[in-house]
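Reader: Please give me a close look at one part of this model: what is buried, and what packs around it. Start with the order of the elements.

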Amino acid sequence: MIKVIIERHIMPGLEEEYEEAAREAIRQSLGASGFVSGETLVEMGHGDRRLVITKWRDMRAWKEWVNSEHRARAMQRLQPLLTEEERIRIYEPSQ
């Protein structure tokens, strides 16, 4: 299993629109092969910052999703709502 951590910064005033678009992106990922779970967190005191934590079966499953047409469509809707590129980090269990 791997965990993918995505950090996003939302343009002020567009938080509600972002939430709607992000919910749709999560719905799309639910059908992705190898998707295990996901959650979104809001940074305390910073309503414009989100942390998306997803769990995937393996790196191949994540790569299939990140390069999929479904994610590309979701990002077309999300990207204009962000102040900067999302930051993605991938973690695996320690030995």
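Author: Read from the N terminus, the elements run β-α-β-β-α-α-β. The protein therefore has three helices and four strands (DSSP runs, numbered from the N terminus: H or I of at least four residues for a helix, E of at least two for a strand). The radius of gyration is 13 Å, close to the 12 Å that the globule rule gives for 95 residues, so the protein is as compact as a globular protein of that length. That radius is taken over C-alpha atoms, and the rule is 2.2 Å times the number of residues to the power 0.38.

A word on the source. This is a predicted model, with residues numbered from 1 along each chain as its sequence is written. Local features need pLDDT of at least 70 and side-chain atom pairs pLDDT 80 or more, while totals for chains, interfaces and linings use all residues; side-chain values use heavy atoms, without hydrogens and water.

Along its principal axes, the C-alpha trace spans about 40 × 30 × 20 Å. Of the 95 residues, 33% count as buried (under 20% relative accessible area; exposed is over 50%, partly exposed in between; 1.4 Å probe, protein chains only). Look at the contacts next (heavy atoms within 4.5 Å). Take those between residues at least 6 apart in sequence: 73% of them join residues at least 24 apart.

Now go to helix H2, residues 59-66. Ala-61, Trp-62 and Trp-65 are buried there. They cover an arc of only 100° around the axis, which puts them on the same side of H2. The arc is that of the directions from the helix axis to the C-beta atoms. There is a general point behind this. An α-helix has 3.6 residues a turn, so residues three or four places apart point the same way.

What does that side of H2 meet? Its buried residues pack against strand E1 (2-9), H1, strand E3 (46-56), helix H3 (69-78) and strand E4 (87-91). Those partners include both helices and strands.

Helix H3 comes next. Arg-71, Ala-74, Met-75 and Leu-78 are its buried residues. Seen down the axis of H3, they fall within an arc of 100°, so they line one face of the helix. The face turned away from that buried side carries the exposed residues Glu-69 and Gln-76. The buried residues of H3 pack against E1, H1, H2 and E4. H2 is thus on this list, just as H3 is among the partners of H2.

Pause at Arg-71, which lies in H3. This arginine is buried, with a relative accessible area of 9%. Leaving out residues up to four places away in sequence, Arg-71 touches Ile-6, Arg-8, Trp-62, Trp-65, Val-66, Glu-86 and Ile-88. Two of these names are familiar: Trp-62 and Trp-65 are among the buried residues of H2.

Trp-65 also turns up beside helix H1 (residues 15-30). Ser-29 is found in H1. This serine is buried too, at a relative accessible area of 4%. With residues up to four places away left out, Ser-29 touches Phe-35 and Trp-65.

Trp-62 leads to strand E1, where Ile-2 is found. At 9% relative accessibility, Ile-2 counts as buried. Its contacts, beyond residues up to four places away in sequence, include Met-59, Trp-62 and Ile-90. Thr-54 is another of them. The C-alpha atoms of Ile-2 and Thr-54 are separated by 8.4 Å, though the two are 52 residues apart along the chain.

Ile-2 also touches Arg-57. Arg-57 has its place in the loop between E3 and H2. Is this residue buried or partly exposed? Arg-57 is partly exposed, with a relative accessible area of 35%. Outside four places in sequence, Arg-57 touches Met-1, Ile-2, Ser-33, Gly-34 and Val-36. Arg-57 and Met-1 are 56 residues apart in sequence, yet 4.7 Å apart in space, C-alpha to C-alpha.

End with strand E4, which holds Arg-89. Arg-89 is partly exposed, at a relative accessible area of 27%. Beyond four places in sequence, Arg-89 touches Lys-3, Val-4, Ile-5 and Glu-7. Arg-89 and Glu-7 are 82 residues apart along the chain, and their C-alpha atoms are separated by 8.5 Å.
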